[in-house]
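Q: Got a minute to go over this one with me? I'd like to start with what's around the ligand.

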Amino acid sequence: MKKAIYPGSFDPVTYGHLDIIKRAAMIFDEITVSVLNNSGKSPLFSIEERVKILKEVTKDMPNVKVDSFNGLLVEHAKKSGADVVIRGLRAITDFEYELQLSQTNRKLCDQVDTVFLTTSLDYAYLSSSTVKEVASYGGDISKFVPPYVAEMVYRKYQKGE
Ligand code: ADP
């Protein structure tokens with residue numbers, strides 16, 4: 001059984017992430033979407049909220065699981081029984097960082113490999129930061145995220161969090 005892990009901040013999950021999740025779920029037997037507890041960023045949603053949102057939007061995908069982790073990705077991958085890390089590549093600007101990350105992970109643990117899926121052209125421009133910026137000014141984010149996610153994002157900005 002081929003298990004893969006798809007790590008990221010998912011703050012919040014967008015149609016771009018979902019496209020990668022769906023495509024990875026067709027290639028691998030099981031995908032675990034893992035929310036990274038990244039102390040370097042100040043997120044809009046807590047880890048628990050991001051996990052809840054991801055579970056809701058992937059509930060119809062039987063081979064997709066959601067969890068969260070602290071610390072080293074390769075350790076979490078090994079613990080989950082995954083030997084493949086999935087990452088999405090949007091543009092050349094993602095490439096340098098992603099290459100460095102995957103090579104570092106490989107140095108840390110040579111049983112874990114990274115597989116890159118290139119984004120669909122429809123979502124190449126899309127990032128969680130764009131979604132937050134548009135929503136913070138009251139703009140329409142319905143083309144970027146599923147309705148459930150949009151509702152959660154607007155709710156945050158209404159509360160002024
Ligand atoms: P991170 O903080 O780890 O970059 P993100 O949640 O921003 O977390 O992204 C997680 C992964 O999803 C990364 O591999 C990123 O390149 C990819 N990704 C983000 N947005 C898109 C998109 N629109 N299309 C395809 N992949 C994407």
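A: Sure. Keep in mind it's a predicted model. The shell around the ligand splits into six nonpolar, six polar and five charged residues.

Q: OK, and which residues are closest to the ligand?
A: Y6, S9, F10, K41 and G88 are the closest, out of 17 that surround it.

Q: Which helices and strands each supply at least two residues of that shell?
A: Two strands, β1 (3–8) and β4 (84–89), plus two helices, α1 (15–27) and α4 (92–108).

Q: What does G88 do with its backbone there?
A: A polar backbone atom of G88 is 2.6 Å from an oxygen atom of the ligand. L126 also comes in with its backbone: an N or O atom there lies 2.9 Å from a ligand nitrogen. H17 uses its side chain instead, with a polar atom 3.2 Å from a ligand oxygen.

Q: And how much of the ligand's accessible area does the protein cover?
A: 91% of the 550 Å² that the ligand has on its own.

Q: Switching to pockets: where does the ligand sit?
A: In the largest pocket, which has a volume of about 990 Å³.

Q: What lines that pocket?
A: 41 residues, with P7, G8, S9, K41 and R87 nearest the centre. By class, the lining has 16 nonpolar, 17 polar and eight charged residues.

Q: Which element gives the most to the lining?
A: α4, with eight residues. β1, α1, β4 and α5 (128–136) each supply at least two.

Methods: Residues numbered from 1 in each chain as written. Predicted model: local features only at pLDDT ≥ 70, side-chain atom pairs only at ≥ 80, totals over all residues. Heavy atoms only, no water. Near = heavy atom within 4 Å. Polar contact = N/O pair within 3.5 Å; in protein donor to acceptor, adjacent residues only side chain to side chain. Areas by Shrake-Rupley, 256 points an atom, 1.4 Å probe, with all protein chains shown as cover. 1 Å grid on protein atoms, 1.4 Å probe; cavity = no way out; pocket = protein on both sides within 12 Å on 5 of 7 lines; lining within 4 Å. Sits in = over half its atoms within 2 Å of the grid points. Helix = DSSP H or I, 4+ residues; strand = E, 2+ residues; numbered from the N terminus. Nonpolar A, V, L, I, M, F, W, Y, C, P; charged D, E, K, R; others polar. Points joined across faces, edges and corners; volume = space filled by probe spheres on them.
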